[in-house]
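Me: Hi, could you take a close look at one part of this model for me? I'd like the packing details with the cut-offs spelled out.
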Amino acid sequence: MNRRAIFTIFTIVLTDLIGFGIIIPILPAISQSMGVRGFWLGLLISSYAIAQFISAPILGNLSDRYGRKPILVISKLGTVIAYIIFAFSRSFSVLLISRLIDGFTGGNIPAARAYISDITTKENRSRGMAIIGISFGLGFIIGPALGGIFFTIGKSHTLPALVGALLSFISLVLTQVFLDESHRLSKPVVSRTFSIKNFLKVFENKTIQQILIIQFIIMTATSGFQTTISFFTDKIFRYTPQQNSLMFVYFGVLGLVVQGYLASRRGPNVHRMIKIGIIVNAAGIIFLSLSPTSSLFLASIALTSAGGGLIGVFLPTLLSTVDSKDPEGEVMGAYEGIGSLGRVIGPAIIGSLIVIFPRQIYFTCGIAVLATIFFLKKINLKPQYSKPYQGSHDQIYSD
């Protein structure tokens, strides 16, 4: 793999997740200071995902036509502008606008996944996806920590948001200077004009259908859980913003350990790893919802983080190996778009109910994640390789 390209993609996703992580632990304080409750709180939490649901397939398509790099640069510029607006917002409407701007230009994740798919082979694809996963883990460590520290220093959301803007600007510069276009000369560039009709063709592939259903259900449940967990800890365990920040750091460290381990491995059984990830993630959320003490709550987070790490690496890896005539960026755009739809519905519903039914709603999330095994069983990919590689590749994509 191209180490410079991998490092740049890693930095792009890392700064995105740092910005995301900075905001989450201070949301309860923002909602209290601005009097945002119920539906409006759910809308604020999910606004980024609403915009990304619309833009991700379009930007994925554009990355097929014009290259990954231009889309990555545009997306980071949008993030910088959005966080500057967020920093100086003093009303709910301006906060909402800043999140929508970031979401509409937030094509960096599908473009980043497509870039990884471009520069890796099927044999080391999971390692490349794990690098993105590591950036997620580090983002959850650094972001909430910075959010708690700078919120304490500045006594408002201004300083944390400006730090997020600065990090995104650094990532933009690195992308422009160091990242080469990933379309390989030996691989014809496949693209088509974006339209709803063309986009829906992606869903005609039965295997892609099942993967996208799994992605939608899991993202609906887990995004609702992740974006509201600071409200859960505030309600059940009376965590302060600083304690919430430390809790997210803990969450991120666990994810980083899992992703780092996966990045060092090659040729695992993708289908089986997804199954294990689903079971462990679901068990963690269910145990978390029932935890009577903070210690058991933190132990449950360990399960949730480990399972989520497996899903986050191997589900997009499975998607990238599906035999499909659809352009890579468009497929990844569909994957992220469906995930964004889940990130709209999950936080909107769970954010509206978390204060009233904190334990019940999380228990339901765990059951929903567990139910996706039914759709995973419908996926029956034929072996992709004929030569043994770290064990037989006949065992890679099916149990």
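In which crossing, left-handed or right-handed, does α10 pass α13?

Reply: Quick caveat before the helices: this is a predicted model, where local features need pLDDT of at least 70, side-chain atom pairs count only at pLDDT 80 or more, and totals for chains, interfaces and linings use all residues. Numbering runs from 1 along each chain as its sequence is written, and side-chain values use heavy atoms, with hydrogens and water left out.

The crossing is left-handed, meaning the near helix is turned anticlockwise from the far one by less than a right angle. The helices are DSSP runs of H or I with at least four residues, numbered from the N terminus (strands are E, at least two). Helix α10 covers residues 206–236 and helix α13 residues 294–320; their axes come within 11 Å and cross at roughly 150°. Those axes are lines fitted to C-alpha atoms over the stretch in contact, with angles from 0 to 180 degrees between N-to-C directions. So α10 is roughly antiparallel to α13, a label for angles over 145 degrees.

Contact here means heavy atoms within 4.5 Å. On the α10 side, the residues making it include Ile208, Ile211, Ile218, Phe225 and Phe232. From α13, Phe297, Ile301, Thr304 and Leu315 are among the partners.

As for the setting, the protein has 16 helices and zero strands. Buried residues (under 20% relative accessible area, 1.4 Å probe, protein chains only) make up 58% of its 399 residues. Among contacts between residues at least 6 apart in sequence, 85% join residues at least 24 apart.

Notes: Parallel < 35°, antiparallel > 145°, perpendicular 65-115°, else oblique. Buried < 20%, exposed > 50% of the residue type's maximum accessible area, 1.4 Å probe, protein only.
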